Amino acid sequence: ALTLLVEGYLDYQGLWNDLETAFTNALDLARSLNNDLYIARFSSTLAWLNDQRGQYETALALTDESLRHYEAIQNDEGRALTLQRQSGVYRKLRNFQKAREVCDEAMDICARMNDKDLEALIFTDYGKLARDISGER
């Protein structure tokens, strides 16, 4: 519901492009500085933005970039959040098997970290995945 509210506001204000420009510039700067943490964060955020706009292939490429950089700095929380985001993109592409695999990987990381809040977020994705799979039948 909150996502729909944010989307509606951005549509109304015409700010999607401004938001994309700001995060693209931030990502370009992070890349020029070779800063793994900020490359990972900004590419993951841009992945979310592209996902919201229905640009799923771009979103997947950005989540892949984010994951590479989170892995380079061994940031498990960032990896789990980005995998959760990536799972949603695969689900929207109707690639349910890949969505499940990615969700499982995110859940494994959460279990090792004992992060119950992040686990709850990923369980929400499992629920959306089950809903969409059952809608296919």
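This passage describes the overall fold of a predicted model, then one of its helices, and finally its largest pocket.

The secondary structure of the protein comes to 7 helices and 0 strands, and the order of elements from the N terminus is accordingly written α-α-α-α-α-α-α. Of its 137 residues, 38% count as buried. Among the contacts in the protein with a separation of 6 or more, 54% are accounted for by residues 24 or more positions apart.

Helix 7 was examined in further detail. At 1.5 Å a residue, its 21 residues should span 30 Å, and this agrees with the end C-alpha atoms, which are 30 Å apart. The buried residues of helix 7 are Leu-118, Glu-119, Ile-122, Asp-125, Tyr-126, Leu-129 and Asp-132; seen down the helix axis, they fall within an arc of 140°, so they line one face of the helix. An α-helix has 3.6 residues a turn, and therefore residues three or four places apart point the same way. Helix 5 and helix 6 (96–113) are included in what covers the buried residues of helix 7, whereas the face turned away from the buried side carries the exposed residues Lys-116, Asp-117 and Gly-135.

The largest pocket has a volume of about 380 Å³. It is lined by 14 residues, of which Trp-48, Asp-51, Gln-52, Gln-84 and Lys-128 are the closest to its centre. Helix 3 (36–52), helix 5 (76–92) and helix 7 (116–136) are the elements that each give two or more residues to this lining. By class, the lining of the largest pocket is made up of 2 nonpolar, 5 polar and 7 charged residues.

Note on methods. Residues numbered from 1 in each chain as written. Predicted model: local features only at pLDDT ≥ 70, side-chain atom pairs only at ≥ 80, totals over all residues. Heavy atoms only, no water. 1 Å grid on protein atoms, 1.4 Å probe; cavity = no way out; pocket = protein on both sides within 12 Å on 5 of 7 lines; lining within 4 Å. Points joined across faces, edges and corners; volume = space filled by probe spheres on them. Helix = DSSP H or I, 4+ residues; strand = E, 2+ residues; numbered from the N terminus. Nonpolar A, V, L, I, M, F, W, Y, C, P; charged D, E, K, R; others polar. Expected span 1.5 Å × (residues − 1). Buried < 20%, exposed > 50% of the residue type's maximum accessible area, 1.4 Å probe, protein only. Arc of directions from axis to C-beta. Contact = heavy atoms within 4.5 Å.
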